[in-house]
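Got a minute to look over a model with a ligand in it? Pull it up in your viewer and we'll walk through a few spots.

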Amino acid sequence: MAEAERWTAHNYHPLPVVISSAEGAWVTDIDGKRYLDCLAGYSALNFGHRHPALVAAAHAQLDRLTLTSRAFVHDQFATFCRGLAELCGKDLVLPMNTGAEAVETAIKVARKWGYKIKGVPHDKATIVVAAGNFHGRTTTIVSFSTDPDARADFGPYTPGFKVVPYGDLDAMVAAIDETTVAVLIEPIQGEQGVIVPPAGYLPGVRALCSTEGVLFVADEIQSGLGRTGTTFACDDEGVVPDMYVLGKALGGGIVPVSAVAADQEVLGVLRPGEHGSTFGGNPLACAVATEVVGLLKTGDFQRRSAELGARLHADLGALVGHGLLAVRGRGLWAGVDIDPALMTGREACERLAQRGVLAKDTHGSTIRLAPPLVVEPAELDWAVEQLAAIL
Ligand SMILES: Cc1ncc(COP(=O)(O)O)c(C=O)c1O
């Protein structure tokens, strides 16, 4: 840890745990101590650490072909793109690597769609976003963050974004005008503390976007791919966005894979040379992500998340008034507000780590629980017992 402190930029404040191996929902540190991973790489490890089918796909691909660039076509590309497009119910997919790149892709596509299809005057496009958002760390994305840590000192900022309160449909109605090309929101705000919008908000946004001729772009990078008990968090509200933005779990916890998925009318606006990435859609990424899509098509992980999530929320709910102020979330995803009179979220995570549970604080006294979807019921019960014990 001292070496890491000495040789890296201090852009993270990790818990004092040095992990050297992992399997399923558990990780092991360099001293052999085991921890239940209740963060799961911010939901990048929905299928657990080293899921056998994903590791096998990676190994097989490593032995055949790892990188071509998009200058050439490779034999894993179409299979992945078709599989993901079908999972999303969309015509087309554009693969990238990190979540932020996929969000940037969505912004560029929405702007070009605005100019070419909607007829917005050139360079006048606006995108409506929500306060408390987290969409990544690029200069454009932090331009519309409302978190001072993410934003301050990184200006000048990219124009073209309007921020409205999350969950407030009237504010969104007021913000939309003839220059609006897209609404970009998280169906549940993860980084902000697993904030679930009021019932009816997402269908309201959907209807508004349809009426106004605005693209509904759902950032499902953290909420999607089984985390909430359905394939997408939008499914919970019966909502289909115009564009899905995906990442994290798409790479199976092995390689960074992100993507946007949308219909021809939207994603079809891009022409060669206008957007791309050397590593986006590489053979290794496609081989692993194809397997991820296959796991999701079974529906098993979504079912597990829904069933175990109900158990998790019931158990956590019983702690409200006993050290917890509130619990939010859906499926195997919970934002837990600890009574700040007891301890900070950081202190809670340090104490949980001592007891063998890894979680991560966000914003003061909130901690986030998002175990891999392969976690066993008894393990989940045990994790909540550890939380009760530290409270
Ligand atoms: C909703 C959401 N969007 C985008 C991102 C950015 O993803 P990445 O860190 O892979 O760039 C994150 C990461 O936490 C996220 O939660």
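Below come the ligand site, two helix pairs and two backbone oddities.

First, some housekeeping. This is a predicted model, so local features need pLDDT of at least 70 and side-chain atom pairs count only at pLDDT 80 or more, while totals for chains, interfaces and linings use all residues. Residues are numbered from 1 along each chain as its sequence is written, and side-chain values use heavy atoms, with hydrogens and water left out.

Let's start with the ligand. Its surroundings are Thr98, Gly99, Ala100, Phe134, His135, Gly136, Glu186, Asp219, Ile221, Gln222 and Lys248, each having a heavy atom within 4 Å of it. Three of these residues appear in the table of polar contacts (pairs of N or O atoms within 3.5 Å).

| Residue | Residue atom | Ligand atom | Distance |
|---|---|---|---|
| Gly99 | polar backbone atom | oxygen | 2.8 Å |
| Asp219 | side-chain N or O atom | nitrogen | 2.6 Å |
| Lys248 | polar side-chain atom | oxygen | 2.7 Å |

Now for the helices, which are DSSP runs of H or I with at least four residues, numbered from the N terminus, as are strands (E, at least two). Helix 12 (residues 300–317) and helix 14 have axes that come within 10 Å and cross at roughly 25°. Axes here are lines fitted to C-alpha atoms over the stretch in contact, with angles from 0 to 180 degrees between N-to-C directions. That makes the two helices, 12 and 14, roughly parallel (under 35 degrees). On the helix 12 side the contact (heavy atoms within 4.5 Å) uses Arg304, Leu308, Arg311, Leu312, Asp315 and Leu316, and helix 14 brings Pro377, Leu380, Asp381, Val384 and Leu387. By class, that contact has seven nonpolar, no polar and four charged residues.

Helix 14 (residues 377–390) also meets helix 13 (residues 345–354): their axes come within 10 Å and cross at roughly 120°. Helices 13 and 14 are therefore oblique to each other. Ala348, Arg351 and Leu352 of helix 13 touch Gln386, Leu387 and Ile390 of helix 14. The class split for helix 13 with helix 14 is four nonpolar, one polar and one charged.

Finally, the backbone. Most residues other than glycine have a negative phi, and most peptide bonds are trans. Alanine 40, in helix 2 (residues 40–43), has a positive phi of about 55°. The peptide bond from glycine 155 to proline 156 is cis, with omega near 0°; proline 156 sits in the loop between helix 7 (148–151) and strand 6 (161–164).

Technical notes: Parallel < 35°, antiparallel > 145°, perpendicular 65-115°, else oblique. Nonpolar A, V, L, I, M, F, W, Y, C, P; charged D, E, K, R; others polar. Polar contact = N/O pair within 3.5 Å; in protein donor to acceptor, adjacent residues only side chain to side chain.
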